[in-house]
Amino acid sequence: MYKSSYWLLLLMSLTLLGCSGDDPEPILSVQSIISQIKNNYTLMPEEAISMSRDGKVFAFYTEPTDRYAHGVLGDKIEAGQLVVVKDGIFHELTLTDNYVFEDIRPRLYDVDQDGALEFVVLRTEISRGAGIVIYKLVDNQIVVYSELAEIGRANRWLNIVAIYDLDMDGQVEISWIETPHIGGVLKVAKIEENELIVIDQISGYSNHDIGERNLCLSVVTKLGDNPMIFVPNQSRSKIVGFTFIDEKLKQASEKLVQVDFAQVLREQYEFEGLVVEKEDNCIF
Ligand SMILES: [Ca+2]
Ligand SMILES: [Ca+2]
């Protein structure tokens with residue numbers, strides 16, 4: 001079910017690419033890249049591949065490993081390598097044995113707004129739990145652009161909520177929920193070079209269920225000029241909307257909806273305003 005949904009999505013993307021321009025070239029190159037990926041790499045069980053909207057950038061995880069047995073994402077198999085493809089060129093980054101990517105697929109987003117996509121991933125250190133890393137391609141190498149230190153204990157995880165300019169100051173923020181299974185803390189950080197700087201946080205929220213591959217339990221909307229992030233509360237009885245203004249998270253909306261953690265959040269409520277879907281903000 002999961003795989004068929006994913007490949008349907010990919011097929012729809014290919015069809016859109018083919019229909020949107022005069023030049024049929026992207027379809028051929030996208031299909032060729034996908035073939036090369038499937039022929040040359042051992043994909044993770046989900047076979048998830050991220051692709052930019054222009055069909056020129058791909059990212060996925062490979063080198064399945066059982067060296068970290070947390071098992072909150074549907075199995076106890078995590079990834080040992082990140083592969084990025086840009087303009088047909090493959091780039092690989094292999095983790096040392098004390099790390100895994102505890103994630104489904106990388107998120108693509110131009111966080112520093114230089115016109116090139118970065119790769120936002122959940123990387124876990126086996127004794128310190130999950131952290132966030134933003135990688136960038138520099139001189140044909142995958143290098144760390146910015147990162148968040150791990151939570152500090154094994155078997156502690158986090159899930160991204162949003163990557164977006166939430167306070168409209170021209171700089172992209174990143175938001176996530178730390179430990180969504182055991183009392184989640186919603187956090188927002190500024191993305192500085194080398195480090196994510198947490199600006200505000202508020203506890204009582206969750207965007208993941210243990211064992212689920214659905215990581216897409218958040219929504220970003222714009223109503224007028226004010227972006228809002230929506231996440232379920234810990235007890236899943238409502239969806240709460242927050243603004244991030246003057247460096248403060250502020251509750252601005254509340255929807256009394258029972259949330260199904262196996263389903264994508266944006267399909268569970270008709271959100272007012274424009275639902276932001278810029279590249280890959282959440283994973284499903
Ligand atoms: Ca960039
Ligand atoms: Ca901002």
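These questions and answers cover the calcium sites, strand pairings, aromatic pairs and one histidine of a predicted model.

Me: Which residues coordinate the calcium ion (ligand 1)?
Reply: The donor atoms lie at 2.2 to 2.5 Å from the ion. Along the chain they follow the spacing D-x1-D-x1-D-x1-A-x1-E. Ala 116 gives its O atom, and Glu 118 appears twice, through OE. The residues are Asp 110, Asp 112, Asp 114, Ala 116 and Glu 118.

Me: Is the site of the calcium ion (ligand 1) octahedral or irregular?
Reply: Ideal angles for six octahedral donors are 90 or 180 degrees. To count as octahedral, donors that are not opposite must be between 65 and 115 degrees apart. Here the angles among the six donor atoms run from 56 to 171°. The site is irregular.

Me: Is Asp 110 buried or exposed?
Reply: Buried means under 20% relative accessible area. Asp 114, another donor residue of ligand 1, has 46% and counts as partly exposed. Asp 110 has 18%, so this residue is buried.

Me: What spacing do the donors of the calcium ion (ligand 2) follow?
Reply: The ion is coordinated by Asp 165, Asp 167, Asp 169, Gln 171 and Glu 173. Gln 171 uses its O atom, and Glu 173 is listed twice, through OE. These donors sit at 2.1 to 2.5 Å. The spacing is D-x1-D-x1-D-x1-Q-x1-E.

Me: What is the range of angles at the calcium ion (ligand 2)?
Reply: This site has six donor atoms. It is classed as irregular. The angles run from 57 to 174°.

Me: What relative accessibility does Gln 171 have?
Reply: Gln 171 is among the residues that coordinate ligand 2. Asp 167, also a donor residue there, is partly exposed at 21%. Gln 171 counts as partly exposed too, with a value of 26%.

Me: Which residue in β18 stands opposite Lys 222?
Reply: Strand β14 covers residues 219-223. It runs antiparallel to β18 (residues 274-275), and two bridges join them. β14 also pairs with β15 over five bridges, where the partner of Lys 222 is Pro 227. In β18, the residue opposite is Leu 274.

Me: Which residue takes a positive phi in the hairpin of β14 and β15?
Reply: The two strands pair in the antiparallel sense. Two residues lie between them. The phi in question is near 70°, and the residue is Gly 224.

Me: How many bridges join β16 to β17?
Reply: β16 (residues 239-245) is largely enclosed by the rest of the structure, because six of its seven residues are buried. On one pairing, β16 meets β15 over four antiparallel bridges, with Gly 241 as the partner of Phe 230. β17 (residues 248-255) also runs antiparallel to β16, and Val 240 there has Glu 254 as its partner. The number of bridges between β16 and β17 is seven.

Me: Which residue has a positive phi in the turn between β16 and β17?
Reply: The hairpin of β15 and β16 has six residues between the strands, and there Arg 236 takes a positive phi near 65°. The hairpin of β16 and β17 has two residues between them. Its positive phi is about 50°, and it belongs to Asp 246.

Me: Which residue has a side-chain polar contact with His 181?
Reply: His 181 is in the loop between β11 and β12. It is partly exposed, with a relative accessible area of 23%. Beyond its sequence neighbours, its contacts include Val 72, Trp 157 and Gln 234. The polar contact spans 2.7 Å, and the partner is His 208.

Me: What is the geometry of the Tyr 41 and Phe 60 ring pair?
Reply: The structure holds seven aromatic pairs. In this one the ring centres are 5.3 Å apart and the planes stand at 75°. Planes over 60 degrees apart count as edge-to-face, so the pair is edge-to-face.

Me: How far apart in sequence are the parts tied together by Phe 101 and Tyr 135?
Reply: Their ring centres are 6.4 Å apart, with planes at 75°, so the pair is edge-to-face. Phe 101 lies in strand β5 and Tyr 135 in strand β8. Phe 101 is buried at 0%, and Tyr 135 at 2%. The parts are 34 residues apart.

Methods. Residues are numbered from 1 along each chain as its sequence is written. Chains are lettered from A and ligands numbered from 1 in the order in which they are written. This is a predicted model: local features need pLDDT of at least 70, side-chain atom pairs count only at pLDDT 80 or more; totals for chains, interfaces and linings use all residues. Side-chain values use heavy atoms; hydrogens and water are left out. Two strands pair if DSSP finds at least two bridges between them. Donors are N, O and S atoms within 2.8 Å of the metal (3.2 Å for Na, K and Ca); water is not among the atoms, so sites may look incomplete. Four donors count as tetrahedral if all angles lie between 85 and 135 degrees; four count as square planar and six as octahedral if opposite donors are over 155 degrees apart and all others between 65 and 115; anything else is irregular. Buried means under 20% relative accessible area, exposed over 50%, partly exposed in between (1.4 Å probe, protein chains only). Contact means heavy atoms within 4.5 Å. A polar contact is a pair of N or O atoms within 3.5 Å; within protein, one must be able to donate a hydrogen and the other to accept it, and residues adjacent in sequence count only if both atoms are side-chain atoms. Rings of Phe, Tyr and Trp (its six-membered ring) pair if their centres lie within 6.5 Å; planes under 30 degrees apart count as stacked, over 60 as edge-to-face and the rest as tilted. Lists of a residue's contacts leave out its neighbours within four places in sequence.
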